[in-house]
Amino acid sequence: MDRPVSELRGLGTASARLLASVGIFRESDLRALGPVEAFARVRMAADPRVSLNLLYAMQAALLGIDWRQLAPEVRRALRDEALGQRPGRS
């Protein structure tokens, strides 16, 4: 099922608005880009101050869990990849 991002666990209206501003409207859009690239695009185009919690929430939403359930090493790997990545690079 390809749901709107606002219907994914942990991603509400504010997150959906940020993601929509960079062309991510549905679960399939987020899966295709991945949470790290989506986070980079939001920071670059929509809000450079966006918290890492959005990154964690996107990963957790794709897994169907609460972001606080992500293992510390998963959060660390996401953070390291996101902060070292520039938009447009894979």
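## A question to start

Is Asp80 buried, exposed or partly exposed? Asp80 counts as partly exposed, because its relative accessibility is 47% and the cut-off for exposed is over 50%. Keep in mind that this is a predicted model, so every value here is computed from predicted coordinates.

Asp80 also has a charged partner. Its side chain meets that of Arg79 in a salt bridge, with 3.4 Å from N to O. Arg79 is partly exposed as well, since its relative accessible area is 29%.

## The other salt bridges

The count of salt bridges comes to seven. As a rule, side chains of opposite charge can pair when their charged atoms come close. One of the pairs is Asp2 with Arg26, where the closest N and O atoms sit 3.4 Å apart. Asp2 belongs to the segment before H1 and Arg26 to the loop between H1 and helix H2 (27-33), so this bridge ties together parts that are 24 residues apart in sequence. What about access to the surface? Asp2 is partly exposed, with a relative accessible area of 34%, and Arg26 is partly exposed at 34% relative accessibility.

Asp47 and Arg49 make another bridge, their closest N and O atoms being 3.3 Å apart. Here the two ends sit in contrasting settings: Asp47 counts as buried, at 17% relative accessibility, whereas Arg49 is exposed, with a relative accessible area of 73%. Back to Arg79 and Asp80 for a moment: their side chains form a salt bridge. Elsewhere, Arg3, Glu27 and Arg31 are joined into one network by salt bridges that share partners.

## The nonpolar core

Now for the greasy part. The largest nonpolar core has 24 residues, and the members that touch the most others are Leu11, Leu19, Leu30 and Met58. Which elements give two or more residues to this core? They are helix H1 (13-20), helix H3 (35-46), helix H4 (52-63) and helix H5 (72-84). H4 supplies the largest share, with eight residues.

Leu19 is a good residue to click on if you want to look around in the core. Setting aside neighbours within four places in sequence, Leu19 is in contact with Val5, Leu11, Ile24, Ala38, Val42 and Met58. Two of those contacts, Leu11 and Met58, are also on the list of core members that touch the most others.

## The two faces of H1

Which residues of H1 are buried? They are Ser15, Ala16 and Leu19. These residues cover an arc of only 100° around the axis, which puts them on the same side of H1. In general, an α-helix has 3.6 residues a turn, so residues three or four places apart point the same way.

What do the buried residues of H1 pack against? Their packing partners are H3 and H4. Turn the helix round and you find the exposed residues Thr13 and Arg17, carried on the face that points away from the buried side.

## Ser51, between H3 and H4

Ser51 is found in the loop between H3 and H4. With 38% relative accessibility, Ser51 counts as partly exposed. A polar atom of the Ser51 side chain lies 3.0 Å from the backbone nitrogen of Asn53.

How far from Ser51 is Phe39, C-alpha to C-alpha? The separation is 9.3 Å, for two residues that are 12 residues apart along the chain.

Terms used. Residues are numbered from 1 along each chain as its sequence is written. This is a predicted model: local features need pLDDT of at least 70, side-chain atom pairs count only at pLDDT 80 or more; totals for chains, interfaces and linings use all residues. Side-chain values use heavy atoms; hydrogens and water are left out. A nonpolar core is a set of buried Ala, Val, Leu, Ile, Met, Phe, Trp, Tyr and Cys residues joined through side-chain atoms within 4.5 Å. Buried means under 20% relative accessible area, exposed over 50%, partly exposed in between (1.4 Å probe, protein chains only). Helices (H or I, at least four residues) and strands (E, at least two) are DSSP runs, numbered from the N terminus. Contact means heavy atoms within 4.5 Å. A polar contact is a pair of N or O atoms within 3.5 Å; within protein, one must be able to donate a hydrogen and the other to accept it, and residues adjacent in sequence count only if both atoms are side-chain atoms. The arc is that of the directions from the helix axis to the C-beta atoms. A salt bridge is a side-chain nitrogen of Lys or Arg within 4 Å of a carboxyl oxygen of Asp or Glu.
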